[in-house]
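The following exercises are to be worked with the sequence and the coordinates at hand. Each task is followed by a solution in steps.

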Amino acid sequence: MIDAVLQAARTLPPMRAPSLVMDLERLGSLVPSRLSFARSLIRQMARQRWHITRQYFALDEGGYGEVIYRVQTPNGRYHVVIFSRPLDDDQRTDRVIANAWDLTFGLVEGDVEDSLFETLAENVPLQEAGRQHPRLLVISRANKSLRNFEIFVNALAGGEQPPVQAIREVGYLYRTTAVYGNGKFGIADYGRLKNNPDFRYPFSAQMTAVYVLRQFSIEQAEHLARHRAPETAVPLEPTLRRYLGIGNSTGLGMAPFLIRHPQLINQWVHAREQALAIAKSQIPSEEARHRLLSLCTRAREYLAETRVEDADQTVRNTRTINELDDILPWLEQVELEDNLWQQLTDWSEAAQSVDTQEMINTLLIELYPEPVDLLEDTMAVEEKFELEPDMPLIRLKQLIETQFDWALAEDFDNPEARYWFWYQSVEKEEPRLGIRGEDPGVEKELPLAIAPRVQRSYRALQSYLEANPGALTIDFLLAEPAHMECIRRIQTMAMTAFGEIQGNLWHRDMKPMHLLRTKLSFLGANRFDPRGERWVRVTFFQGAPLVEELNAEPTDLGTFDDWSFAHSPGDARDSVDPTQIKRDESLV
Amino acid sequence: MKVSFNELQALSRKAFMGIGFAEGHADDAADMVTWMESYDLHGLEALNRGLEHLMNSDPDTRPEILYQDSDLAVVDGHHLSVLRASNLALELAFAKARSRGLSVIKIRRCHQRQLIMGYLARLSARGMNITAFWRNAHDPLTEQVVGFRANSTVPSIRVYAVEEVPEENEANDGITLVMANHVDLLPTMRSDYRYDLLAKHEESELLAVRERAMTSGIEVTPELWLRLKQLAHVTLVESFDASRLGAGPAE
């Protein structure tokens, strides 16, 4: 048995080096893959025959009121409770410091009795300022895309479909501005969910709430159209419904998560790298080659349709489109050799942008659902930093030199290398960046930059070791207790390959956007649209199967799952069966 | 008011940072308090009682090793709370037990000893059998024994009053801990002397309490919650128009 395990371990294809994978710029070029949580959730819902139904719909002619959706799984019953309220335009901001939103909502475990509904109605609309019920698994809020909302309601009320162009430009009717889980403001702890078979994947409860909100956004727009013009109003065409996602607006608040949860990040990146290694080691078939060509074409069209305001992102997208154009004819003509995928990634790494390299990697992973999807089960982990107090200090020193060489290499005497500091503002504890030596608050700096901490601890350890050559880790820490947390992290993370982001978060050239994109890609966000250096809008579930398709209990789960890199269905007035969109690239 | 486990842990951590705990030590202290409270072992009550003491103790005062050899250590807690004085001392005992099979450590002169259980749970989860012993009161004389089985996160607890007080009954504000790599050290009451069992918590009973806390939340007085928030506030940076740009321009 042990021999078999060892044999299996020996035959696992090699993964890429952490120094390459965990480079911040590379992480900032990731795109969602079939392991992203939005994709995993849709697969799980279909596999387990989840049903989502509207239980209560009490909106007035302005679209304000309350709506409840039921989510029935084989293991339990949940409800998404939505509160839609009037909002003055001058109050509509996506910043975390906002106090009011167009709508607020929560995912509740179990049934919503009258008394619970009253409690939710009093508190969910207040979000952070409320005291939330422990049966809430998730709370969130969202603001309207005013422009799209008006276009949609007007068109539908007039018996027309809204122009596809409107969704191409903004892929949603609502964008969430924060989606809270894990005990925030009194809601259920993650500990409640970790043994729940419905939500055992990271962020699956949050993704469920957002997915149901997408359905609400469609039904609310149709409701408004019917009220505005009952005689002429029409429902939204299925193709457009499917092309509509839910937006999300994210700022620096997402960045600390990546630093504070390195064990979780390790699981995510490890799963992706393992998937890539498995994919690259497969012997390609003609069918796989055609599938990859089809996926490249789809990804190319998705990027071509993606409208972003940011000039740099536009350049990056255009470059990826051009580089995919280089790959397509090569892939069509090249001989089908056993190591074709390795040839492809070698070429891409040597000659193409990091964005294109990671796009190709994501598409290769897409080719092999069976071995890859098993890795979903490895993406959660119980996190704990633990000391090894009996580790000889000389061993710890060697560990730092081997595993944290990237941190030791940084020259912190250079003012550019210690330019930024991270802090939390009194305004809703919003994470912000300040300039060291110029902005106030440096004495309250958040310890998010790992490299300078590792260097500090390493230097202290070196001098202690010189005086105490046989010392253990605990001897050093009893003498220098301030280094405990850093040493504990080093010892814990030394057991992992992909947990630490290998970059200097103090450096003047550091781009926080890369941090945001890392997490967003694993969540499954598309249409990455930076608004400056610290703010980004993305879209979830664009192209994902609709609630009615899910409730129809699909039998072809492979086709059901094939909704990545959605692009527009053409003019919706040429109505198309949404199930045909997925495989038929001629619709591009 | 009800709060979640995670919420209590996060706010406690920030409050300890506000008091002046170093990073990591604040996490440990918060974990110890929250662990106690999640098992309904009055962690918040102990914290509330000791908060002024914690705030008034010099952040530069550290526990001091008075004696150590391969198996044994005596630590002076310098009248600090165990929230400040115990984590590294316990790691020392852990290291010795790993190396020698069994270790004994005495932490003298420390406060809020009840709260040490949270850190013991952590060491036990790392595969260590642990027994901790201390005296709660001297008139009447009460003693407490807490035992963790290796890899279990919940202890067996016995609290009892001793009727036949020994002649030598000097106030004892220390804790004695025994750690063993391989041997169960759970407390079992067996004595030739008379005693009254005041409290007995079994592992199964504690697990049920924990489950309730995770389902229904943890009760905190609004006053203590506010106090923790005030302490945590010290870690935040005042906001002004320019600082809002530190999170990027408004959309």
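**Exercise 1.** How many helices and how many strands does chain B have?

*Solution.* The model is a predicted one. Counting along chain B gives nine helices and ten strands. The corresponding count for chain A is 26 helices and eleven strands.

**Exercise 2.** Determine whether the radius of gyration of each chain agrees with that of a compact globule.

*Solution.* Step 1: chain A has 588 residues, for which a compact globule would have a radius of gyration near 25 Å; the value for chain A is 25 Å, and therefore the two agree. Step 2: for the 251 residues of chain B the expectation is near 18 Å, and the value of 20 Å agrees with it. Step 3: the extents along the principal axes complete the description. The C-alpha trace of chain A spans about 90 × 65 × 50 Å, and that of chain B about 75 × 40 × 35 Å.

**Exercise 3.** What percentage of the residues in each chain is buried?

*Solution.* A residue is buried if 20 or more other C-beta atoms lie within 10 Å of its own. By this criterion, 50% of the 588 residues of chain A are buried. In chain B, buried residues make up 45% of the 251 residues.

**Exercise 4.** In which order do the nine strands of the open sheet in chain A follow one another?

*Solution.* Step 1: tracing the pairings gives β1-β2-β3-β4-β5-β6-β7-β11-β10, with mixed pairing. Step 2: β1 (51-59) and β10 (526-530) of chain A each pair on one side only and are thus the edge strands. Step 3: neighbouring strands of this sheet are turned by 25 degrees against each other on average, direction ignored. Step 4: within the sheet, β4 (residues 103-109) and β5 (residues 136-144) of chain A run antiparallel and are joined by six bridges. Gly106(A) stands opposite Ile139(A) in β5(A). Step 5: helix α9 (residues 204-228) of chain A lies across several strands, including β1, β4 and β11 (536-540), and runs at about 150 degrees to β6(A).

**Exercise 5.** Which elements of chain B each supply at least two residues of the side that touches chain A?

*Solution.* Step 1: the contact involves 38 residues of chain B and 52 residues of chain A. Step 2: the elements sought are β1 (2-3), α1 (5-19), α5 (87-100) and α7 (203-216) of chain B. Step 3: α5(B) provides the largest share, seven residues. Step 4: by residue class, this side of chain B divides into 15 nonpolar, 14 polar and nine charged residues.

Conventions
Residues are numbered from 1 along each chain as its sequence is written. Chains are lettered from A and ligands numbered from 1 in the order in which they are written. This is a predicted model: local features need pLDDT of at least 70, side-chain atom pairs count only at pLDDT 80 or more; totals for chains, interfaces and linings use all residues. Two strands pair if DSSP finds at least two bridges between them. Helices (H or I, at least four residues) and strands (E, at least two) are DSSP runs, numbered from the N terminus. Axes are lines fitted to C-alpha atoms, for helices over the stretch in contact, and angles run from 0 to 180 degrees between N-to-C directions. Two residues are in contact if their C-beta atoms, placed from the backbone, lie within 7 Å. Ala, Val, Leu, Ile, Met, Phe, Trp, Tyr, Cys and Pro count as nonpolar, Asp, Glu, Lys and Arg as charged, and the others, Gly among them, as polar. The radius of gyration is taken over C-alpha atoms; the globule rule is 2.2 Å times the number of residues to the power 0.38. A residue is buried if 20 or more other C-beta atoms lie within 10 Å of its own, exposed if 12 or fewer, and partly exposed in between; C-beta atoms are placed from the backbone.
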